[in-house]
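This note is meant for a colleague who is opening the structure for the first time. The points below are numbered and may be followed one by one with the model in view.

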Amino acid sequence: MSSPLYYAAPLTPDSGDGDWCIDAVTRPPEVLFNFRKVGVETTITDLREGSIRPALDETGFEKVTAPTGASQRGLLDSEEAALERYRRETGELLRSLTGADVVEFFDATLRRQDAADDPAAQSPHQRVHVDQSPGSARARAERHLGPGREFRRFQIINVWRPLLEPVRNFPLALCDYRSLDLSADLVPTRLDFPDWLKDRENYSVRHNPAHRWYFWDSLTPDEALVFKCYDSASRGLAVAGGEPDGGELRDVAGLCPHTAFFDENGPSTGHLRTSLELRALAFHE
């Protein structure tokens with residue numbers, strides 16, 4: 001299928017990209033960008049019936065079937081008991097999937113899209129981006145390590161799951177890490193957000209026609225998308241300018257650009273999507 005994906009570009013052909021910024025504090029609730037979001041009609045391949053089987057260390061993402069025993073209504077209402085059970089389950093999943101010794105969660109974001117939207121709800125994020133830059137990833141890891149703790153490798157991983165019912169529209173599209181030009185496509189973007197909100201820098205993404213995009217149609221609450229925000233062992237990121245964090249470098253995916261998108265062939269009325277994403281630090285001793 002084909003749909004517009006919203007990439008980033010300079011405000012004018014002559015303006016640079018040395019200090020791209022998303023400002024959410026100067027004129028709240030308005031969010032100010034000093035770069036453009038440009039819709040590019042893009043082919044997005046549905047993997048529901050396909051033979052392609054993405055893997056976390058190769059493409060930067062994969063789909064897992066992992067039903068949750070946590071109350072999904074409780075998760076939607078941010079009940080601590082439900083969140084605690086879900087974190088415990090998801091930690092076990094990530095340790096099994098990555099071989100990490102320690103998993104710590106630092107962010108939980110609910111997103112909801114309905115025909116009659118609740119203005120207080122976070123809508124699906126329609127901007128091609130990567131949740132972390134190497135700098136913000138290292139800062140996040142240092143915040144959680146504590147004194148005297150060292151690890152040979154750490155990852156930041158996002159686990160994205162529908163709640164209550166399958167996604168009917170605004171699915172998540174994921175870009176194959178192997179199709180990226182790391183030195184040309186990724187632009188560090190400063191985040192001027194309130195102090196309590198997430199991290200201080202991520203990556204915006206320039207359009208590159210070589211990018212390969214994928215999604216799964218009608219993702220269900222028994223399924224989850226697992227994708228990398230950062231991997232300190234990625235040789236590609238180190239070569240492209242990220243500072244190695246020690247340990248052995250490998251030819252593994254270092255990150256995964258992603259975005260929600262509107263499916264013109266899908267419904268546009270009623271309940272369209274409710275999803276929960278957890279971001280986790282995965283430390284390898």
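1. A convenient place to begin is strand β11, where Ser-204 is the bridge partner of His-129. This is a predicted model, and the pairing just named belongs to a stretch in which strand β7 (residues 129-130) and β11 run antiparallel to one another, joined over 2 bridges. Ser-204 is also the bridge partner of Val-187, and here the pairing is that of β10 with β11, two antiparallel strands joined by 5 bridges. Because 4 of the 5 residues of β11 are buried, this strand is largely enclosed by the rest of the structure.

2. From β10 one can pass on to strand β2 (residues 20-23), since 4 bridges join β2 to β10 and the two strands run parallel. Within this pairing, Cys-21 has Arg-190 of β10 as its bridge partner. Strand β2 also pairs with strand β3 (residues 32-33), this time in the antiparallel sense and over 2 bridges, and Asp-23 is found opposite Leu-32 there. As for the side chains of β2, Trp-20 and Ile-22 point one way while Cys-21 and Asp-23 point the other way, and all of them are buried.

3. The loop between β10 (186-192) and β11 (201-205) deserves a separate look, as it holds Asp-199. Is this residue buried or exposed? Asp-199 has a relative accessible area of 4%, and because the cut-off for a buried residue is under 20%, Asp-199 counts as buried. Its side chain makes a polar contact with the side chain of Gln-132 at 2.6 Å, and another with the side chain of Arg-140 at 3.1 Å. Leaving aside neighbours within four places in sequence, the residues in contact with Asp-199 include Phe-106, Ser-136, Arg-143, Leu-191 and Arg-279.

4. Turning to the nonpolar interior, the largest core has 31 residues, among which Phe-154, Ile-156, Trp-213 and Leu-255 touch the most other members. Helix α3 (residues 134-145) supplies the largest share of this core, namely 3 residues. There is also a second, separate core of 22 residues, including Ala-66, Ala-82, Ala-224 and Leu-276. Such grouping can be set beside a general tendency: in soluble globular proteins, nonpolar side chains tend to be buried together.

5. Which residues does Ile-156 contact, if neighbours within four places in sequence are left aside? Among them are Phe-106, Ala-137, Phe-227, Cys-229, Tyr-230, Ala-280 and Leu-281, and the list also includes Gln-132 and Arg-140. Those last two residues have already appeared in this note, for the side chain of Asp-199 makes polar contacts with the side chains of Gln-132 and Arg-140.

6. An open sheet is formed by 5 strands in the order β5-β13-β8-β15-β6, with antiparallel pairing. Its edge strands, each of which pairs on one side only, are β5 (61-65) and β6 (102-114). On average, and with direction ignored, neighbouring strands of this sheet are turned by 25 degrees against each other. At the β5 end, β5 pairs with strand β13 (residues 223-231) in the antiparallel sense over 5 bridges, and Lys-63 stands opposite Leu-225 in β13.

7. At the other edge of the sheet, strand β6 contains Gln-113, which counts as buried because its relative accessibility is 12%. Gln-113 and Gly-270 are separated by 157 residues in sequence, while their C-alpha atoms are 9.0 Å apart in space. Not counting residues up to four places away in sequence, Gln-113 touches Ser-123, Pro-124, Phe-170, His-271, Leu-272 and Arg-273.

8. Helix α2 (residues 80-98) has 19 residues and reaches 26 Å from its first C-alpha to its last, which is close to the 27 Å expected at 1.5 Å a residue. Its buried residues are Ala-82, Leu-83, Tyr-86, Thr-90, Gly-91, Leu-93, Leu-94 and Thr-98. An α-helix has 3.6 residues a turn, so residues three or four places apart point the same way. The cover over the buried residues of α2 includes the strands β5, β6, β8 (153-162), β13 and β15 (271-284), together with α1 (72-76). After α2 comes Gly-99, whose phi is positive, near 80 degrees.

Note on methods: Residues numbered from 1 in each chain as written. Predicted model: local features only at pLDDT ≥ 70, side-chain atom pairs only at ≥ 80, totals over all residues. Heavy atoms only, no water. Core = buried A, V, L, I, M, F, W, Y, C linked by side-chain atoms within 4.5 Å. Buried < 20%, exposed > 50% of the residue type's maximum accessible area, 1.4 Å probe, protein only. Contact = heavy atoms within 4.5 Å. Pairing = 2+ DSSP bridges. Axes fitted to C-alpha atoms, helices over the stretch in contact; angles between N-to-C directions. Expected span 1.5 Å × (residues − 1). Polar contact = N/O pair within 3.5 Å; in protein donor to acceptor, adjacent residues only side chain to side chain.
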